[in-house]
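Trainee: I would like to learn how to read the packing of helices, and I would be glad to be taken through it slowly with an example before us.

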Amino acid sequence: MKIYTKLPESHQDKLLARIELERSVILSRLLKTIQAVLVVALLAVGCLFLPPEKLTNMSEPFEHLSVLMLGMLSVSVLQELLRGFLMRLISKVKPSFRFAGAYLYAGCEAYFPRREEQILNLLPFLLTTILLLILFLLTGDTSWKWIIWIILIVDICFGIRYAYASMRFAQMPEDILVMNLGPTYLVYSAHADAEP
């Protein structure tokens, strides 16, 4: 399907779903709970193949912690910059970047078909995850492996919200058009009942 800068007549006033990743208290708590469980599980996995004492007995703790903080802050920003770049590449519409809660979000006032929206949601996450896994595998020092592993955990936890949105889109009709406004998705379908 093509990308629309204006909602086609077949989809006008036919809002199928509004997904609020930040404003919906229930959804936000659910996603944060899943993220917290993932953090604990992935730290436990890290302890299986990385000695935990290497995390606490670093030779240069200031350097390690500085890289850790910078990496944890950068991973979500990098994902959103990639998402914005892809929005511009696919739709030719300039994306906007804004903060919602503690997170930076890329949004675009174009209507994306399901396939393209899935690419926008999952490709930045996959690229950052692959990059971090390559760094993890190439790093020899175990204390640095721990730092990269923790940054990877943050990367995975940030990607959970987009994985959730992608799962929701997969359950919707194939003709959906999605306007991605950052933490808010407006989903239109010709098969939806007209809004009251």
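**Reading helix packing**

Mentor: In this predicted model, helix α1 and helix α5 touch through a long list of residues: Leu27, Leu31, Ile34, Gln35, Leu38, Val39, Leu42, Leu43, Val45, Gly46, Cys47 and Phe49 in α1 meet Trp146, Trp149, Ile150, Ile153, Ile156, Cys157, Phe158, Ile160, Arg161 and Tyr164 in α5. By kind, the residues of this contact divide into 19 nonpolar, 2 polar and 1 charged.

Trainee: How is the arrangement of two packed helices described?

Mentor: Two packed helices are described by the angle between their axes and by the distance between those axes. Here the axes of α1 and α5 come within 9 Å and cross at roughly 150°, and angles over 145 degrees count as roughly antiparallel, so α1 and α5 are roughly antiparallel to each other. The crossing in which α1 passes α5 is right-handed.

Trainee: Which residues of α1 are buried, and what covers them?

Mentor: Buried in α1 are Leu27, Ser28, Leu31, Gln35, Leu42 and Gly46, and what covers the buried residues of α1 includes β1 (15-20) as well as α5.

Trainee: At what angle, and how far apart, do α4 and α5 pack?

Mentor: Helix α4 (residues 114-138) and helix α5 (residues 142-170) pack at an angle of about 165°, their axes being 9 Å apart, which makes α4 roughly antiparallel to α5. In this pair α4 passes α5 in a left-handed crossing, and the residues of the contact divide into 17 nonpolar, 6 polar and 4 charged.

Notes:
Residues are numbered from 1 along each chain as its sequence is written. This is a predicted model: local features need pLDDT of at least 70, side-chain atom pairs count only at pLDDT 80 or more; totals for chains, interfaces and linings use all residues. Side-chain values use heavy atoms; hydrogens and water are left out. Axes are lines fitted to C-alpha atoms, for helices over the stretch in contact, and angles run from 0 to 180 degrees between N-to-C directions. Helices (H or I, at least four residues) and strands (E, at least two) are DSSP runs, numbered from the N terminus. Angles under 35 degrees count as roughly parallel, over 145 as roughly antiparallel, 65 to 115 as roughly perpendicular and the rest as oblique. A crossing is left-handed if the near helix is turned anticlockwise from the far one by less than a right angle, and right-handed if clockwise. Ala, Val, Leu, Ile, Met, Phe, Trp, Tyr, Cys and Pro count as nonpolar, Asp, Glu, Lys and Arg as charged, and the others, Gly among them, as polar. Buried means under 20% relative accessible area, exposed over 50%, partly exposed in between (1.4 Å probe, protein chains only). Contact means heavy atoms within 4.5 Å.
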